[in-house]
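Work through the exercises below with the structure open beside you. Try each task before you read its solution.

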Amino acid sequence: MKLNFELVPDGCWYSNLRSILSPAQWDVVRREAYARAGGRCMICGAPSHRLEAHERWEYDEERCVQKLADVVAVCKSCHEVIHIGRTQLMGGEVRASEHFMKVNGCTYAEYRKALGEANEAHRRRNLVPEWKLDLGYLKKFIQS
Ligand SMILES: [Zn+2]
């Protein structure tokens, strides 16, 4: 799926980069993502001058490592799909499901299946007592 759900394990309170980096540092990371995007959502390609920065994490469940893989610039609609848990709570699931099906060219059944898989991975990852954080991605932004 081109656009998929990315549920962050519950214990990863620190996984929001805005709470790790200073506002100035976060700004550098964010702006680099916007520059790469060139005014288009990096997932669905929709032109937008109001893109949002999204942190992409990879999980190594064997080693309990949560790795920052990328920071991408996405449109509001894609961001709502990615954070489906929050979107559901805010009553936006119908709109999010429609965007998911449009971008991925899939059926409602496939949407439900992908959601089930994401929830299952989320449950499994919540069993890890503590994730070690790999922020190697940020090295290129830090001047020594
Ligand atoms: Zn998008």
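A residue is buried if 20 or more other C-beta atoms lie within 10 Å of its own, exposed if 12 or fewer, and partly exposed in between. Keep these cut-offs at hand. The model is predicted.

**Exercise 1. Classify H54 as buried, exposed or partly exposed, and place it in the fold.**

Solution.
- Step 1: Locate the residue. H54 sits in strand β1, residues 52-60.
- Step 2: Count neighbours. H54 has 19 C-beta neighbours inside 10 Å.
- Step 3: Apply the cut-offs. Burial needs 20 or more, and exposure needs 12 or fewer. H54 is therefore partly exposed.
- Step 4: List its contacts, leaving aside neighbours within four places in sequence. They are V71, V72, V74, H79 and I82.
- Step 5: Take one distance. From H54 to A35 is 14 Å, C-alpha to C-alpha, across 19 residues of sequence.

**Exercise 2. List the elements of the protein in order and assess its overall dimensions.**

Solution.
- Step 1: Count the elements. There are five helices and three strands.
- Step 2: Read them from the N terminus. The order is α-β-β-α-α-α-α-β.
- Step 3: Compare the radius of gyration with the globule rule. The radius is 16 Å, and the rule gives 15 Å for 144 residues. These values are close, so the protein is as compact as a globular protein of that length.
- Step 4: Add the spans. Along its principal axes the C-alpha trace covers about 50 × 40 × 25 Å.
- Step 5: Check burial. Of the 144 residues, 19% are buried.
- Step 6: Look at contacts between residues at least 6 apart in sequence. Of these, 62% join residues at least 24 apart.

**Exercise 3. Work out the strand order of the sheet and the direction of each pairing.**

Solution.
- Step 1: Take β1 and β2 (residues 65-74). Nine bridges join them, and they run antiparallel. D60 stands opposite V65 in β2.
- Step 2: Take β2 and β3 (residues 132-134). Three bridges join these strands, which run parallel. Q66 stands opposite L133 in β3.
- Step 3: Put the pairs together. The sheet is open, in the order β1-β2-β3, with mixed pairing.
- Step 4: Name the edges. β1 and β3 each pair on one side only.
- Step 5: Add the twist. From one strand to the next it averages 35 degrees.

**Exercise 4. Describe the turn between β1 and β2, and say what marks C64.**

Solution.
- Step 1: Identify the motif. β1 and β2 form a hairpin with four residues between them.
- Step 2: Place the residue. C64 lies in the loop between these two strands.
- Step 3: Read its phi. The angle is near 60 degrees, a positive value in a residue other than glycine.
- Step 4: Set this against the general pattern. Most residues other than glycine have a negative phi.
- Step 5: Classify its exposure. C64 has 13 other C-beta atoms within 10 Å, so this residue is partly exposed.

**Exercise 5. Compare the length of helix α1 with the expected span, and place the helix against the sheet.**

Solution.
- Step 1: Take the span. α1 covers residues 23-37, which is 15 residues, and reaches 21 Å from its first C-alpha to its last.
- Step 2: Compare. The expected span, at 1.5 Å a residue, is 21 Å, and the helix is close to it.
- Step 3: Look just past the helix. There G38 takes a positive phi of about 55 degrees.
- Step 4: Orient the helix. α1 lies across β1 and β2, at about 55 degrees to β2.

**Exercise 6. Find the best-connected residues of the largest nonpolar core, and the elements that build it.**

Solution.
- Step 1: Pick out the residues. The core has 20 members, and L3, C41, I43, V74, C78, V81 and F100 touch the most others.
- Step 2: Find the contributors. β2, α2 (76-82), α4 (93-104) and α5 (108-125) each give two or more residues.
- Step 3: Rank them. β2 gives the largest share, four residues.
- Step 4: Follow one member. Beyond its neighbours within four places in sequence, F100 contacts L3, V81 and Y111.
- Step 5: Recall the wider trend. In soluble globular proteins, nonpolar side chains tend to be buried together.

**Exercise 7. Classify M101 as buried, exposed or partly exposed, and list its contacts.**

Solution.
- Step 1: Place it. M101 belongs to helix α4.
- Step 2: Count. M101 has 16 other C-beta atoms within 10 Å, so this residue is partly exposed.
- Step 3: Leave aside neighbours within four places in sequence. M101 then contacts C106, T107, Y108 and Y111.

Notes
Residues are numbered from 1 along each chain as its sequence is written. This is a predicted model: local features need pLDDT of at least 70, side-chain atom pairs count only at pLDDT 80 or more; totals for chains, interfaces and linings use all residues. Two residues are in contact if their C-beta atoms, placed from the backbone, lie within 7 Å. The expected span of a helix is 1.5 Å times one less than its number of residues. Two strands pair if DSSP finds at least two bridges between them. A nonpolar core is a set of buried Ala, Val, Leu, Ile, Met, Phe, Trp, Tyr and Cys residues joined through C-beta atoms within 7 Å. The radius of gyration is taken over C-alpha atoms; the globule rule is 2.2 Å times the number of residues to the power 0.38. Axes are lines fitted to C-alpha atoms, for helices over the stretch in contact, and angles run from 0 to 180 degrees between N-to-C directions.
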